[in-house]
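Colleague: Got a few minutes to walk me through this one? Put it on the screen and I'll fire away.

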Amino acid sequence: MESPDDLCPKPEHLAIGFTRPHSPPIYLSSVWECDDPAQADAMLGGRTPGYVYARDGHPNADMLAEKCRKLHGTERAAVTSSGMSALALVLLSQLAPGDHVIVSNQLYGRTATLFTGEAARWGVTHTLVDPTDLAQVTAAVTRNTRLLVVETISNPLLRIADLAALADLADASGAMLLADNTFAGPAVCRPAALGAQWVMESLTKSMNGHSDVVLGLICGRESHWARVPSALSTWGLNAGPMECWLALRGLGTLAIRAERACDNAQAVAESLVGASGVAAVHYPGLAAHPDHALAKRQFADRFGSMVTFTLSGGEAAAAAFIQAAEQIAFCPSLGELATTLSHPASTSHRALTPAAREALGITGGTIRLSVGIESREAVVAAVRQGLSAIG
Ligand SMILES: Cc1ncc(COP(=O)(O)O)c(C=O)c1O
């Protein structure tokens, strides 16, 4: 019989027996036992596989990264603590003082801050461009350009970047294309197949799909991977086991969630066209969208689950819509099971001046919907209920 005083120091080993669990276990252990110093040295040096310390790697992160790697068809993939840390990992592992980055002027606000403000503190310069204007991107290339940062589908007006053309341009300039694929997701677009060297996803959004984790993914090529594991561990950008486990579970239903959400988004966009009080509808699946032809070529027959529209009544109409649309939560995120909405002027783009917002086509009346997997009738009715307040 053991004394209660002796229980702590000894690890308990559960005899699993002769069967294995069908659902992946959650490995919460922060540290792993090594057989001997030679094995520890080989594992820490990356010469043999295995786990030593969870900041360097753990099975739940590896299971999730491997699924995502296959999904994006890349040579390497890593999971990080957030979408932002996945982007920071590219900055920290690939760029050095004196490098130059071409940055889309239609990025998620914090991504823009990372590659302009934060990067500048490390001696990395940048030029902002409209990524849909290839001549402008070409003109921005300098001798020191190392990276081109774009989003597959931009926020909030859902413009599409021509990833194949941008990847060719990056290649010809000795630079790399980094595509933030968060608004599209792999069910709609796989940027690596179009030539992007780096593909980033905020797993927080549709890939997990349940609004219960914050996680990121970076996929890349073997040739540029050497510094990634060390930068990930040294800067402490690793993801926790519980979040990875949840995201792996969420990912299992991505295909059917994406199919339903994209079909719903198309129906919602069509229902908004010509509706009273609606000045413009932005959805790549509409023939009138400026990038519809490109989206048809570049995407897997789907156009995403985001729909943005502008109310002619401006801020007051947006407030009335948000109040009246009782079935649609005002949540400034995206990609969850239920339809949610955001108001870019007061959330994602509030740091911009009104003039800068206007230049991007964002007004007080702009509303961004993240369309969910409810029945099509329910989503269209929920939007109609909102519109009833402004008709
Ligand atoms: C397009 C895009 N990229 C990156 C991010 C950052 O991801 P995370 O919130 O997981 O850090 C977001 C978050 O909203 C986003 O919308």
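Modeller: One bit of vocabulary before you start: helices (H or I, at least four residues) and strands (E, at least two) are DSSP runs, numbered from the N terminus. Residues count from 1 along each chain as its sequence is written. The model is predicted, so local features need pLDDT of at least 70 and side-chain atom pairs count only at pLDDT 80 or more, while totals for chains, interfaces and linings use all residues.

Colleague: How far apart are the centres of domain 1 and domain 2?

Modeller: The bounds come from an automatic or database domain assignment, which gives domain 1 as 57–251 and domain 2 as 254–387. Taken over C-alpha atoms, the separation of the two centres is 24 Å.

Colleague: And on the side of domain 1 that touches domain 2, how many residues are nonpolar?

Modeller: Contact here means C-beta atoms, placed from the backbone, within 7 Å, and it takes 33 residues from domain 2 and 26 residues from domain 1. For the classes, Ala, Val, Leu, Ile, Met, Phe, Trp, Tyr, Cys and Pro are nonpolar, Asp, Glu, Lys and Arg charged, and the others, Gly among them, polar. On the domain 1 side, three are charged, eight are polar, and the nonpolar count is 15.

Colleague: Which residues come nearest to the ligand?

Modeller: A residue counts as near if its C-beta atom, placed from the backbone, lies within 6 Å of the molecule. The shell splits into eight polar, four nonpolar and two charged residues. Of the 14 around the ligand, the nearest are S82, G83, Y108, S202 and T204.

Colleague: G83 starts α3, right? How many residues of α3 are buried?

Modeller: α3 covers residues 83–94 and reaches 17 Å from first C-alpha to last, close to the 16 Å expected at 1.5 Å a residue (that is, 1.5 Å times one less than the number of residues). Buried means 20 or more other C-beta atoms within 10 Å of a residue's own, exposed 12 or fewer, partly exposed in between, with C-beta atoms placed from the backbone. G83, M84 and Q94 are among the buried ones. The helix is largely enclosed by the rest of the structure, because the buried share of its 12 residues is 11.

Colleague: Within what arc do the buried residues of α2 fall?

Modeller: The buried residues of α2 are N60, A61, L64, A65, C68, R69, L71 and H72. Their cover includes β1 (76–80), β6 (198–202), β7 (216–220) and α8 (241–251). Using the directions from the helix axis to the C-beta atoms, they line one face of α2, because seen down the axis they fall within an arc of 160 degrees.

Colleague: Now the loop between β4 and α6: is L158 there buried or exposed?

Modeller: That loop, between β4 (145–151) and α6 (163–172), also holds P156, which is joined to N155 by a cis peptide bond with omega about 0 degrees. L158 isn't a glycine, yet its phi is positive, near 60 degrees. With 27 other C-beta atoms within 10 Å, L158 is buried.

Colleague: What about D301, buried or exposed?

Modeller: D301 also has a positive phi, about 65 degrees, although it is not a glycine. Its place is in the loop between α10 (292–298) and β9 (306–311). With 8 other C-beta atoms within 10 Å, D301 is exposed.

Terms used: Two residues are in contact if their C-beta atoms, placed from the backbone, lie within 7 Å.
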